[in-house]
Amino acid sequence: MSESREIRSLIDLVTERLRPVSETPRLEADLLVARAINMPRSYLFAHPDDELDDGALGRLTSEVERRLDGEPLAYISGMKEFWSLELMVTPATLVPRPETERLVELALREIPLKEHSAVLDLGTGSGAIACAIAWERRMAHVTGVDISADAIAVAEQNARQLDLDNLRFVEGSWIEPVGELSYPVIVSNPPYVAEDDQALAALKREPASALVAPENGLGCIRVLAEVVPSVLAEGGVFLFEHGAGQAEEIDALLKSTGWTEVETITDLAGLPRVTRARRES
């Protein structure tokens with residue numbers, strides 16, 4: 001990779017190599033070098049002149065090549081931070097995005113801090129949203145549902161690692177496994193990317209089934225609009241993430257199917273990101 005084996009030089013080199021594939025190349029370079037020597041990132045700043053041995057250099061070279069081939073850093077490391085929690089991720093799940101933390105923030109406003117309550121997370125994936133809610137609301141009973149058995153296995157491992165005993169995961173399609181129950185708060189980050197969206201080229205390593213929806217990205221949201229009312233408690237609220245350009249269509253869709261108090265909420269970048277709605281009895 002380089003004639004120099006010094007941490008300082010290797011970080012600079014990896015940073016430059018990652019610029020075409022990363023929005024944060026220096027951060028990723030730090031993390032990859034730290035992984036190669038099995039040390040925390042802080043070690044790099046204190047020991048910039050240390051040299052990597054053959055084994056560490058080989059690991060670094062291999063993982064940089066994987067990253068240049070388009071593999072997300074989260075899959076390479078097997079971990080991703082979300083809501084300040086370290087979560088396991090695999091190619092069976094989406095990589096949790098920072099913008100999804102907005103959905104968690106809004107959901108927490110609806111869940112009492114010191115009362116028992118029930119929360120349903122549909123399409124839970126790695127369990128990121130469910131884990132964050134269960135972490136912040138220890139008296140809430142949180143259920144995550146996903147159609148993928150592999151995703152459920154990842155979510156369950158995350159719950160175990162975080163020692164969350166107020167959280168369970170069940171396999172099934174949307175509300176199918178919980179159809180006899182009701183929840184005052186239901187959240188979802190469903191597939192909402194259109195099948196012909198050019199952004200998919202950069203997401204080719206993530207599971208398409210968790211990203212792509214028919215009907216120009218609105219197919220899964222349409223299904224949720226129809227089925228969620230049967231498990232939503234009276235006066236309950238439904239919050240879900242969607243694409244920034246879908247807000248107007250979603251607003252019309254929900255209102256046409258009986259939802260009320262439909263509100264679109266922006267993320268930290270000012271983009272329409274979450275819709276909140278209630279359903280009359």
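The accessible surface of the protein amounts to about 13,500 Å² (Shrake-Rupley method, 1.4 Å probe), and 49% of this area belongs to carbon and sulfur atoms. The model is a predicted one, in which local features need pLDDT of at least 70 and side-chain atom pairs count only at pLDDT 80 or more, while totals for chains, interfaces and linings use all residues. Residues are numbered from 1 along each chain as its sequence is written, and side-chain values use heavy atoms, with hydrogens and water left out.

The protein holds 10 helices and nine strands (DSSP runs of H or I with at least four residues, and of E with at least two, numbered from the N terminus). Its radius of gyration over C-alpha atoms is 21 Å, close to the 19 Å from the globule rule (2.2 Å times the number of residues to the power 0.38) for 281 residues, so the protein is as compact as a globular protein of that length. Of these 281 residues, 48% count as buried (under 20% relative accessible area, 1.4 Å probe, protein chains only).

Turning to the interior, the largest nonpolar core (buried Ala, Val, Leu, Ile, Met, Phe, Trp, Tyr and Cys residues joined through side-chain atoms within 4.5 Å) has 33 residues. Val104, Ile133, Val142, Leu167 and Leu239 have the most contacts inside this core. Among the elements giving it two or more residues are α6 (101–110), β4 (140–146) and β7 (232–241), and α7 gives the most, with seven residues. Beyond its neighbours within four places in sequence, Leu167 is in contact (heavy atoms within 4.5 Å) with Ala130, Cys131, Ala134, Val142 and Ala159. Another core, of 31 residues, lies apart from the largest one and includes Ile175, Leu203, Leu224 and Phe238.

How values were computed:
Buried < 20%, exposed > 50% of the residue type's maximum accessible area, 1.4 Å probe, protein only.
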